[in-house]
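Reader: I should be grateful for a close look at one part of this protein. Please treat the matter in a single connected account.

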Amino acid sequence: MKPLSRMRDVFVTGIGLTTWGYYEKVFQYDIGSEAIMAALKDAAMEWREIQAVFCGSVYQGTASGHQVIKEVGFTGIPIVNVENACSSSGSAFRLAYQSIAAEIYDKVLVLGVEVMPRGPIPSTAFRPWELASGFNVQPANYANLTVRYMKSSGATLEDLALVTVKNRKNGALNPKARFQKPITLEEVMQSRIIATPLRLLHCCPLADGAAALILCGRRNVKYRRRAMQVAASTLTSACYGEGYLDLVDSLKYPPDEGFVSLSARQAYEEAGCGPSDIDIVQAYDTVSPSELWDLEELGFCAHGEAPPLLRKGHFDLRGRLPVNTDGGLMSRGHPLGATSGGQLCEIITQLWGEAGARQVEGAKIGLAHSMGAGPNSSVTILKK
Amino acid sequence: MDNIRNARPLEEGLWTVADGGLSLLGHRCASCGEVFFPRRKCSHCAHCFRRTLEEIYLGPKGKIASFSVVMIAPAGDFYRGPVPYAYGCVDLPEGIRIKGLLARDYLDILAVAMEVRLSTEVLYVSDEEIPVEAFVFKPLKENRKDEQ
């Protein structure tokens, strides 16, 4: 596999993000086209300049990207729809990155768009007998991992709740988040149980939302100051023997390295940097404990170190390593196919220094991680 | 085991009653020893990729590795059993961890490392009024204070 970083440099030159939330009678082409128009304006580009579209979504049915582009206006360009569960737009971003790095295109649009079905996530990434047995409750699948994480790391239920409190505090500074109100530790600890030991506020809310990013090769960058370089974009699936969601871990052949660590290691190699070089992180807080083990698996600290670091404020907006500066999935909400794109928009906004009240001073390099059913793990590193 | 006449399993081929006892139906790879449940459809071992899979009976004993009591109904109409319910990971002595339902009458006493035994339970009654059974893990008698 040829490292993409040794091919042509690729830059993000414009972003567009809708305000995420639950809306009445909204369609993916409404919010998708809104995000695209915002990204074009941001990049000072015309729609007819775009040479290809990669669109990530999960629940929008057949040819979802085409449905959005029909609204914007067809120009005959290839539109590729990417369904890769919660890594859909991260996977779409990687395809766009590859197509520019390989000099196939110069200007490509990445879209993540989702109008979520109401109620719990209707995941069907299970065998029929597993669905009939009720194994498709993702909070319960995460609860099984949480039970083991708490035992091996010493994390307490209060630690898990503090992740939500931190992220909702950040989200209060994000005008595009679904929830813009901070919450207290007591509110989390007293919310109703969804799947023991996880309570409602340990689980991320869902949302409708869209995110668009425009990627260009170096010679198509109009304003270098606003062009943020893609340092790495990786994608992995399960390593043999790993337990996650529908997968049960092998007792005989557990993997030496899991798919999250693998995706992070590949990203650091591609970017030529390490965890200590990263200024800001968008971690995958689909449930609050998953942010903790995610930070450990991404190499920011050793197993069991994330809960004490969290308590010390290490991952706060003004901490040593700010995590989920926009409030994460906990505040933004989780429109599955758009989530990676939303994470990347936040990294770009921070690198531009345009994050307003939640700006991290001097942020030069950021990492975003999304993962989910499949499983998939997608890591992206962006730098100034 | 519930003794229900005319009950049908959730899915054929998950378990059997052999030699008077209930067992899950799995595969073991004769080359690398890896164990699979349910039986694999693909003819090679998912670990070593050799075509040396043999059928194996799993259970009935197991130990809970992790579990969760679920308080919400799953999305979609796939699951038609009661809520709350519990499922978790159970380690079997044959060297495999599997995901399974935990018997509904014992949600309050479930614990990690608890020893359990394979059983079946009627999950729901179908529209044709046929009881539909699932395999479940039940705490051993010594853990069940409420049993005779």
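Which residue in β11(A) does Leu235(A) stand opposite?

Author: The model is a predicted one. In it, Leu235(A) stands opposite Ser378(A) of strand β11(A). That pair belongs to the junction between β8(A) and β11(A), residues 376-383, where the two strands run antiparallel and are joined by eight bridges.

Strand β8(A) covers residues 228-237, and eight of its ten residues are buried, so that the strand is mostly covered. A further partner of β8(A) is strand β1(A), residues 10-17, with which β8(A) pairs in the antiparallel sense over two bridges. Here Val12(A) stands opposite Met228(A) of β8(A).

These strands are part of an open sheet of nine strands in chain A, ordered β3-β2-β4-β7-β1-β8-β11-β10-β9, and its pairing is mixed. β3 and β9 (280-282) of chain A stand at the edges; each has a single partner strand, and therefore one side of each lacks a neighbour in the sheet. On average, neighbouring strands of this sheet are turned by 25° against each other, direction ignored. In general, the strands of a sheet pair through backbone hydrogen bonds, in either the parallel or the antiparallel sense.

An example of parallel pairing is found at the β9 edge. There β9(A) pairs with strand β10(A), residues 365-372, in the parallel sense over three bridges. Within this pair, Val281(A) stands opposite Leu367(A) of β10(A).

On the other side of β1(A) in the strand order comes β7(A). β1(A) and β7(A) pair in the antiparallel sense over seven bridges, with Gly16(A) standing opposite Ala212(A) of β7(A). β7(A) is also joined to β4(A) by eight bridges, and these two strands run antiparallel. In that pairing, Val110(A) stands opposite Leu213(A) of β7(A).

Strand β7(A), residues 209-217, is itself mostly covered, with nine of its nine residues buried. Gly209(A), Ala211(A), Leu213(A), Leu215(A) and Gly217(A) point one way from the strand, whereas Ala210(A), Ala212(A), Ile214(A) and Cys216(A) point the other way; all are buried. Ala212(A) and Leu213(A), named above for their partners in β1(A) and β4(A), thus point in opposite ways from β7(A).

The sheet also has a helix packed against several of its strands. Helix α2(A), residues 64-72, has as its buried residues Ser64(A), Gly65(A), Val68(A), Ile69(A) and Val72(A). Because these residues fall within an arc of 130° when seen down the axis of α2(A), they line one face of the helix. They pack against β2 (52-56), β3 (79-82) and β4 (107-114) of chain A, and also against α1 (28-43). The face of α2(A) turned away from this buried side carries the exposed residues Lys70(A) and Glu71(A). After α2(A) comes Gly73(A), whose phi is positive, near 125°.

A last contact concerns two further helices. Helix α5(A), residues 138-153, and helix α9(A), residues 288-297, pack at an angle of about 60°, with their axes 10 Å apart. They are therefore oblique to each other. The contact is made by Tyr142(A), Leu145(A), Thr146(A) and Tyr149(A) of α5(A), together with Pro289(A), Ser290(A), Leu292(A), Trp293(A) and Glu296(A) of α9(A). The crossing in which α5(A) passes α9(A) is left-handed.

Technical notes
Residues are numbered from 1 along each chain as its sequence is written. Chains are lettered from A and ligands numbered from 1 in the order in which they are written. This is a predicted model: local features need pLDDT of at least 70, side-chain atom pairs count only at pLDDT 80 or more; totals for chains, interfaces and linings use all residues. Side-chain values use heavy atoms; hydrogens and water are left out. Buried means under 20% relative accessible area, exposed over 50%, partly exposed in between (1.4 Å probe, protein chains only). Helices (H or I, at least four residues) and strands (E, at least two) are DSSP runs, numbered from the N terminus. Two strands pair if DSSP finds at least two bridges between them. The arc is that of the directions from the helix axis to the C-beta atoms. Contact means heavy atoms within 4.5 Å. Axes are lines fitted to C-alpha atoms, for helices over the stretch in contact, and angles run from 0 to 180 degrees between N-to-C directions. Angles under 35 degrees count as roughly parallel, over 145 as roughly antiparallel, 65 to 115 as roughly perpendicular and the rest as oblique. A crossing is left-handed if the near helix is turned anticlockwise from the far one by less than a right angle, and right-handed if clockwise.
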